[in-house]
Amino acid sequence: MKWKKKGSGEIFNAAQFSDGTLRFICLATLLLQPSKLQPSTIIIDEPELGLHPFAIAILAEMVQKAAVDRQVFLASQSVELLDNFEVEDVIVANNGENGSEFIRLNEEQLRIWLDSDYTLGELWNKNVFGGRP
């Protein structure tokens with residue numbers, strides 16, 4: 001991977017990028033490739049690592065577009081990433097007595113919080129719907 005910046009004769013390569021930039025390029029390549037080339041299911045663990053908060057919002061948009069045609073699973077502890085999704089998009093994993101328990105959020109149960117302008121990330125930080133160790 002090599003490129004040249006507009007207006008400069010200098011040639012850059014991947015070794016000159018930060019880990020977050022390389023990660024974003026890889027995620028964009030996966031999520032933006034033509035639909036017929038993508039797998040039917042995409043699973044990504046902590047995609048936000050090393051990304052600038054603005055890049056996290058762009059990542060969330062790419063995930064939402066890819067999820068129209070396929071199943072996309074993200075595992076994350078990121079408030080910034082969570083704040084880019086709707087209640088119905090979120091499934092919370094909790095450590096139960098018999099192993100992992102997966103609970104889809106219920107908008108009606110969160111209505112009083114959401115009507116008070118709390119974000120999903122703020123509710124997660126307050127442990128309103130679990131998902132904490």
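In the predicted model, the side chains of β3 alternate. I42 and I44 point to one face of the strand and are buried. T41, I43 and D45 point to the other face and are not buried. Such alternation between the two faces of the sheet is what a regular strand shows.

Strand β3 also has a partner. It pairs with β4 in the parallel sense, over five bridges. Within this pair, I44 of β3 stands opposite L74 in β4. Between the two strands, the chain passes through α2. The resulting β-α-β crossover is right-handed.

Helix α2 has 14 residues. From its first C-alpha to its last it reaches 20 Å, close to the 20 Å expected at 1.5 Å a residue. Its buried residues are A55, I56, L59, A60, M62, V63 and A66. Seen down the axis of α2, these buried residues fall within an arc of 165°, so they line one face of the helix. F54 and K65, on the other side of α2, are exposed. The buried residues of α2 pack against α1, β4 (71-75) and α3 (79-82).

Helix α1 was examined in the same way. Its 14 residues should span 20 Å at 1.5 Å a residue, and the end C-alpha atoms are 20 Å apart, which agrees. In α1, G20, L27, A28 and L31 are buried. These residues cover an arc of only 100° around the axis, so they sit on the same side of α1. The face turned away from that buried side carries D19, C26 and T29, which are exposed. The cover over the buried residues of α1 includes β3 and α2.

These elements meet in the nonpolar core. In soluble globular proteins, nonpolar side chains tend to be buried together. The largest nonpolar core of the model has 16 residues. L31, L51, L59, V63 and L81 have the most contacts inside it. At least two core residues come from each of α1 (19-32), β3 (41-45) and α2 (53-66). The largest share, seven residues, comes from α2.

L31 of α1 shows how this packing looks from one residue. Leaving aside neighbours within four places in sequence, L31 is in contact with Q38, I42, L59, M62, V63 and A66. Of these contacts, I42 is one of the buried residues of β3, while L59, M62, V63 and A66 are among the buried residues of α2. Another core lies apart from the largest one. This other core has 12 residues, among them V79, V87, V92 and L120.

Definitions and conventions
Residues are numbered from 1 along each chain as its sequence is written. This is a predicted model: local features need pLDDT of at least 70, side-chain atom pairs count only at pLDDT 80 or more; totals for chains, interfaces and linings use all residues. Side-chain values use heavy atoms; hydrogens and water are left out. A nonpolar core is a set of buried Ala, Val, Leu, Ile, Met, Phe, Trp, Tyr and Cys residues joined through side-chain atoms within 4.5 Å. Buried means under 20% relative accessible area, exposed over 50%, partly exposed in between (1.4 Å probe, protein chains only). Helices (H or I, at least four residues) and strands (E, at least two) are DSSP runs, numbered from the N terminus. Contact means heavy atoms within 4.5 Å. The expected span of a helix is 1.5 Å times one less than its number of residues. The arc is that of the directions from the helix axis to the C-beta atoms. Two strands pair if DSSP finds at least two bridges between them. A crossover is right-handed if, with the strands pointing away from the viewer, the path from the first strand over the helix to the second runs clockwise.
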